[in-house]
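Here are a few exercises to work through with a model open beside you. Try each task before you read its solution.

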Amino acid sequence: MQLSDLRIFTSVVATGSLSGAARQIGIAPMQVSRRIATLEEELGVRLFHRTTRSVSLTAEGEAFLPYAQTMTEAEESARAEIGPSTSIVSGVLRLTAPSVFGQTIVLPLLQRLMSLHPELRVDLDLSDRVVDIVGQGLDLALRVAPLEDSELVARKLAPNPRIICASPGYLSTHEIPRMVADLDSHECILLQAVPRWPLRIGGELVRKRVIGRVTTSSVDAVRIAAIQGLGLAMLAYWDVYQHLADGTLVEVPLQDAAMEELSVWAVMPTRRFLPTRVRLFLDELEGDLVAKHRAASVQHGFGGHLDPLRGGW
């Protein structure tokens with residue numbers, strides 16, 4: 001099995017066509033077709049359904065894709081480590097991230113990385129659902145929800161506690177809640193995935209039932225509704241840190257309860273053969289989160305419970 005054939009296979013998947021892969025690699029479409037046929041013969045299975053207009057993976061092709069990507073990326077990592085220059089980062093960084101976190105944190109970071117590394121390309125899926133990174137052939141997933149037990153490798157990047165917040169306009173016309181019981185008299189903006197708010201009361205995790213006239217499936221919609229003054233919202237710190245900094249949202253701490261402690265996690269299929277582009281992205285993201293929080297804490301005087309200088313990280 002030739003690595004060049006594996007690269008052609010993954011290129012056909014990425015571009016969605018034999019001609020697209022040929023353009024990407026710089027060979028004739030007929031050569032792409034022949035190399036795919038050779039690979040299928042070696043494996044003893046058909047990898048693609050072919051028509052005159054399109055190609056699509058068979059079930060066997062979908063099962064083979066993560067292995068092909070791992071092998072080609074292992075070669076790229078080896079070349080990057082022992083080659084004459086380790087400063088060149090190339091290839092396609094495939095990742096998924098929650099929608100709000102991806103828009104506010106990941107995209108600005110990618111813009112900077114891609115300007116520094118012109119050969120780096122990115123395939124970013126923004127979704128609040130849990131994506132099968134092995135089945136989708138992704139390098140990593142960024143997650144902010146509690147992690148389920150799995151065989152995947154996880155790296156903690158930063159704390160990301162839930163907070164209760166509201167707009168100054170809403171708080172100016174409603175008595176600010178101080179205790180858990182006070183939530184019962186407030187409009188609470190509900191996220192369908194979290195119908196009860198998780199709070200730590202007396203050291204135990206309690207899921208508090210709250211009421212409100214707005215319920216949505218989107219974290220971004222909860223955030224926007226809170227900014228518009230429609231009620232209290234429970235969101236993760238990194239979803240609203242900019243709004244806390246500029247005053248469009250205000251944190252509402254409770255005296256008799258603590259918020260659930262979440263974290264930003266990077267989840268990967270394996271720790272072995274980690275491509276250089278993935279290591280670079282994770283190191284830059286971790287440093288970026290520390291720097292952003294420190295700057296916000298110093299400038300606006302909030303969020304000390306996350307201050308890396310106080311051991312929160």
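The exercises below move from the whole chain to a pocket, a helix and two single residues.

This is a predicted model, in which local features need pLDDT of at least 70, side-chain atom pairs count only at pLDDT 80 or more, and totals for chains, interfaces and linings use all residues. Residues are numbered from 1 along each chain as its sequence is written, and side-chain values use heavy atoms, with hydrogens and water left out.

**Exercise 1. Describe the chain as a whole.**

Step 1: Begin with secondary structure, taking helices (H or I, at least four residues) and strands (E, at least two) as DSSP runs numbered from the N terminus. The chain has 9 helices and 15 strands.

Step 2: Turn to burial, where buried means under 20% relative accessible area, exposed over 50%, and partly exposed in between (1.4 Å probe, protein chains only). Of the 313 residues, 46% count as buried.

Step 3: Look at contacts (heavy atoms within 4.5 Å). Among those with a separation of 6 or more, 72% join residues 24 or more positions apart.

**Exercise 2. Characterise the lining of the largest pocket.**

Step 1: A pocket here is an open set of points on a 1 Å grid over the protein atoms alone, where a 1.4 Å probe fits, with protein on both sides within 12 Å along at least five of seven lines; lining residues have an atom within 4 Å of a point.

Step 2: Find the centre. The lining has 42 residues, and Asp 128, Val 130, Val 144, Ala 145 and Pro 146 are the closest to the pocket's centre.

Step 3: List the contributors. Elements giving two or more residues include β3 (91-97), α5 (99-116) and β12 (232-236).

**Exercise 3. Is helix α8 enclosed or open?**

Step 1: Count the buried residues. In α8 (residues 237-246), 8 of the 10 residues are buried, so the helix is largely enclosed by the rest of the structure.

Step 2: Name some of them. Trp 238, Tyr 241 and His 243 are among the buried residues.

Step 3: Check what comes next. Gly 247 follows α8 and has a positive phi, near 85°.

**Exercise 4. Which of the two, Asp 220 or Glu 261, is buried, and which is exposed?**

Step 1: Place Asp 220 in helix α7 (residues 219-227). Its relative accessible area is 17%, so Asp 220 is buried. Beyond neighbours within four places in sequence, Asp 220 is in contact with Val 100 and Gln 103.

Step 2: Place Glu 261 in the loop between β14 (258-259) and β15 (263-268). Glu 261 counts as exposed because its relative accessibility is 56%. Its C-alpha atom is 7.3 Å from that of Pro 159, 102 residues apart along the chain.
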